[in-house]
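Q: Please look closely at one aspect of this model, namely its internal and surface spaces together with the elements that surround them. A formal account with the criteria behind each term would be appreciated.

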Amino acid sequence: MVGDVHCEADVLELVLDALDALGVTTVLCVGDLVDGAGDADRVLALLEDRGVECVAGNHERWFLTGEHRMVEHATEKVTDRSRAFLETLPRVRHYDTAHGGALLCHGVGEADEAWLDPDTKGYALQDIPTLRDLMLDEDVRFMIGGHTHKHMVRMFPGLTIVNAGTIHRRNDQTFSIIDFDELTVDVHAAEPSHRVVDHQALPIPPTPA
């Protein structure tokens, strides 16, 4: 899976080639494809041509509605093909796994700007209503998201959350592989070695009381 992309076309191509070489059959992307110093059109073409299953992030929503165009390296325009691709992206996608349903999104569920990282706690957690909704949703046991640019695996009652990380040049550029059979998450460096920089178990969440 690929985290927030932000126009990093060269790194994205490297990562997609690596995932193919590693035998990954389904590639997911958590959104935030536009707004960055690289080439938005090339990023969108790569994702579409390679059949990557994407959701829209807040930056896609902002671009399509003309909001927040003062952000650094804002994408000002794209080709008609790119815009058509962006307009087809859903906010969430659902998948079946051997251990329960999985939800692909950008932030937390439908809330594409919800901030959840390894240190989020207390009132900040209570301020994410979509988190509680997903914890109580019996059809969702795993959530794959992004937004924070920090890869993680974090468990809540009824829900295990995996953050895909990011390939943004200002952060540690990584990509992740989830094995739902072995219940593991490997985080790889997005560089020619593609070395594993983190290996974690993917816990099956208990059903909430």
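A: The account below starts with the basis of the model, then takes up the enclosed space, the sheet around it and the open spaces.

This is a predicted model, in which local features require a pLDDT of at least 70 and side-chain atom pairs count only at pLDDT 80 or more, while totals for chains, interfaces and linings use all residues. Residues are numbered from 1 along each chain as its sequence is written, and side-chain values use heavy atoms, with hydrogens and water left out.

Rolling a probe the size of a water molecule over the atoms shows where empty space is left. On a 1 Å grid over the protein atoms alone, a cavity is a set of points where a 1.4 Å probe fits but cannot get out; a pocket is an open set with protein on both sides within 12 Å along at least five of seven lines; and lining residues have an atom within 4 Å of a point. Grid points are joined across faces, edges and corners, and a volume is the space filled by probe spheres set on the points.

The structure holds one cavity of 30 Å³ or more. The largest cavity has a volume of about 50 Å³, and its lining consists of H106, G107, V108, A114, L116, M143, G145, G146, M152, I161 and N163. Two elements, β5 (142–145) and β7 (159–163), give two or more residues to this lining. Helices (H or I, at least four residues) and strands (E, at least two) are DSSP runs numbered from the N terminus. By class, the cavity lining has six nonpolar, five polar and no charged residues; Ala, Val, Leu, Ile, Met, Phe, Trp, Tyr, Cys and Pro count as nonpolar, Asp, Glu, Lys and Arg as charged, and the others, Gly among them, as polar.

The strands β5 and β7 belong to an open sheet of five strands with the order β3-β4-β5-β7-β6 and mixed pairing, where two strands pair if DSSP finds at least two bridges between them. At the edges stand β3 and β6 (152–156), each with a single partner strand, so one side of each is left without a neighbour in the sheet. From one strand to the next, the twist averages 20 degrees.

Within this sheet, β5 and β7 run parallel and are joined by four bridges. M143 stands opposite I161 in β7, and both M143 and I161 occur in the cavity lining. On the other hand, β6 and β7 pair in the antiparallel sense over five bridges, with F156 having L159 in β7 as its bridge partner. These two strands form a hairpin with two residues between them, and G158 in the turn has a positive phi of about 85 degrees. Four of the five residues of β6 are buried, so this strand is largely enclosed by the rest of the structure; buried means under 20% relative accessible area, exposed over 50%, and partly exposed in between (1.4 Å probe, protein chains only). The loop between β5 and β6 contains H149, which has a positive phi of about 70 degrees although it is not a glycine.

Helix α6 lies across β4 (100–104), β5, β6 and β7, running at about 125 degrees to β7. Axes are lines fitted to C-alpha atoms, for helices over the stretch in contact (heavy atoms within 4.5 Å), and angles run from 0 to 180 degrees between N-to-C directions. M135 is found in α6 (residues 129–136) and counts as buried at 16% relative accessibility.

The open spaces come next. The largest pocket holds about 400 Å³ of space and is lined by 17 residues, of which V24, T26, L28, I178 and F180 lie nearest its centre. Both β3 (93–97) and β8 (174–179) give two or more residues to that lining, and the largest share, four residues, comes from β8. By class, this lining has nine nonpolar, five polar and three charged residues.

The second largest pocket has a volume of about 250 Å³. Of the 14 residues that line the second largest pocket, D35, E72, H73, H168 and R170 are the closest to its centre. Its lining has two nonpolar, seven polar and five charged residues. H73 lies in the loop between α3 and α4, is partly exposed with a relative accessible area of 44%, and has a positive phi of about 55 degrees although it is not a glycine.
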